[in-house]
Amino acid sequence: IIGTGRIGIRTAELATAFHCNLIAWSNSEKETFVQLGGVYKKTIDEVFKEADIISVHLPLNDKTKGIIDINLLSLMKKTAYLVNVARGPIVRSHDLAEALKQGTIAGAAVDVFDQEPITSDNPLLKAPNVILTPHIAYKTEEALIKRAEITIDNIKAFVNGKPQNVIV
């Protein structure tokens with residue numbers, strides 16, 4: 001797992017149901033991940049060398065934009081898979097497409113793109129062994145119910161004079 005924020009931790013929780021050995025790299029280490037049996041690696045390179053499945057959960061910022069490039073992808077096992085459900089620009093699309101074409105990695109699943117909706121010239125559209133979804137992987141019944149609950153809680157808090165989740 002690359003990035004152990006709220007979504008990365010939830011992914012780790014789900015992975016335990018499949019008896020996965022959890023390894024991660026993140027800017028901040030969470031005790032919750034360790035309690036799940038997870039082990040933090042000192043470098044992102046270590047995770048890319050060891051993992052069978054890499055699930056990306058980083059925020060997009062100046063430090064993470066393009067962080068997953070051909071150099072990291074070339075460290076992966078030929079039998080490994082990359083899953084990006086974070087933000088498109090974190091993974092360099094051209095590099096991922098090239099890694100898939102060359103057989104550097106076994107496959108990928110991508111739900112986010114540099115530009116959304118995906119453009120017809122995106123190299124991932126012609127790459128082998130890739131599953132592409134149009135940024136809808138979040139749209140489960142459970143996620144929609146949770147989003148509605150959060151919205152209602154935000155409205156109640158605002159009406160009571162205690163706004164929460166305020167974006168400045």
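Where in the chain does His 19 lie? In this predicted model, His 19 sits in the loop that runs between helix 1 and strand 1 (23-24). This residue is well worth a look on the screen, since His 19 has a positive phi of about 60° although it is not a glycine. Most residues other than glycine have a negative phi, and most peptide bonds are trans. As for its surroundings, His 19 is exposed, because its relative accessible area of 72% is over the 50% cut-off.

Stepping back to the whole chain, the secondary structure adds up to 6 helices and 6 strands. Read from the N terminus, the elements follow the order α-β-α-β-α-β-α-β-α-β-β-α. Along the principal axes, the C-alpha atoms fit in a box of roughly 60 × 40 × 30 Å. The chain has 168 residues, and 37% of them are buried. Its accessible surface is about 10,700 Å², with 55% of that belonging to carbon and sulfur atoms. Contacts also reach along the sequence: taking those between residues at least 6 apart, 55% join residues at least 24 apart.

Helix 1 (residues 6-16) comes just before the loop of His 19. Which residues of helix 1 are buried? They are Gly 8, Ile 9, Ala 12 and Ala 15. These four span an arc of only 115° around the axis, so they fall on the same side of helix 1. What do they pack against? The partner of these buried residues is helix 2 (31-35).

Helix 2 leads on to the aromatic side chains. The model holds 1 aromatic pair. The partners are Phe 33 and Tyr 40, with ring centres 4.9 Å apart and planes at 55°; that angle lies between the 30 and 60 degree limits, so the pair is tilted rather than stacked or edge-to-face. Are these two residues buried or exposed? Phe 33 has a relative accessibility of 0% and so counts as buried. Tyr 40 is buried too, at 13% relative accessible area.

Next comes a set of parallel strands. Strand 4 (residues 81-84) and strand 5 (residues 107-110) run parallel and are joined by 4 bridges. Within this pairing, Val 83 has Ala 109 of strand 5 as its bridge partner. How do the two strands connect? Strand 4, helix 5 (residues 93-102) and strand 5 together form a β-α-β unit, and the unit is right-handed. Strand 5 also pairs with strand 6 (residues 130-132), again in the parallel sense, over 3 bridges. Here Ala 108 is found opposite Val 130 of strand 6. In a regular strand the side chains alternate between the two faces of the sheet.

The loop between strand 5 and strand 6 has several points of interest. One of its residues is Pro 117, and the peptide bond that joins Glu 116 to Pro 117 is cis, with omega about 0°. Lys 126 belongs to that loop as well. With 73% relative accessibility, Lys 126 counts as exposed, because the cut-off for that class is over 50%. Its C-alpha atom is 9.9 Å from that of Leu 100, and 26 residues separate Lys 126 and Leu 100 along the chain. Asn 129 is another residue of this loop. Like His 19, which has a positive phi, Asn 129 is a residue other than glycine with a positive phi, in this case near 55°. Asn 129 counts as exposed at 53% relative accessibility.

A final stop is Ile 67, in the loop between strand 3 (53-56) and helix 4 (70-73). How exposed is Ile 67? With a relative accessible area of 21%, Ile 67 is partly exposed, because buried would call for under 20%. Which residues does Ile 67 touch, leaving aside neighbours within four places in sequence? The contacts are with Trp 25, Ile 44, Leu 58, Leu 72 and Ile 90. Ile 67 and Pro 89 are 22 residues apart in sequence, and their C-alpha atoms are 8.6 Å apart in space.

Methods:
Residues numbered from 1 in each chain as written. Predicted model: local features only at pLDDT ≥ 70, side-chain atom pairs only at ≥ 80, totals over all residues. Heavy atoms only, no water. Pairing = 2+ DSSP bridges. Right-handed = clockwise from strand over helix to strand, strands pointing away. Phe/Tyr/Trp six-rings, centres within 6.5 Å; stacked < 30°, edge-to-face > 60°. Buried < 20%, exposed > 50% of the residue type's maximum accessible area, 1.4 Å probe, protein only. Contact = heavy atoms within 4.5 Å. Areas by Shrake-Rupley, 256 points an atom, 1.4 Å probe, with all protein chains shown as cover. Arc of directions from axis to C-beta.
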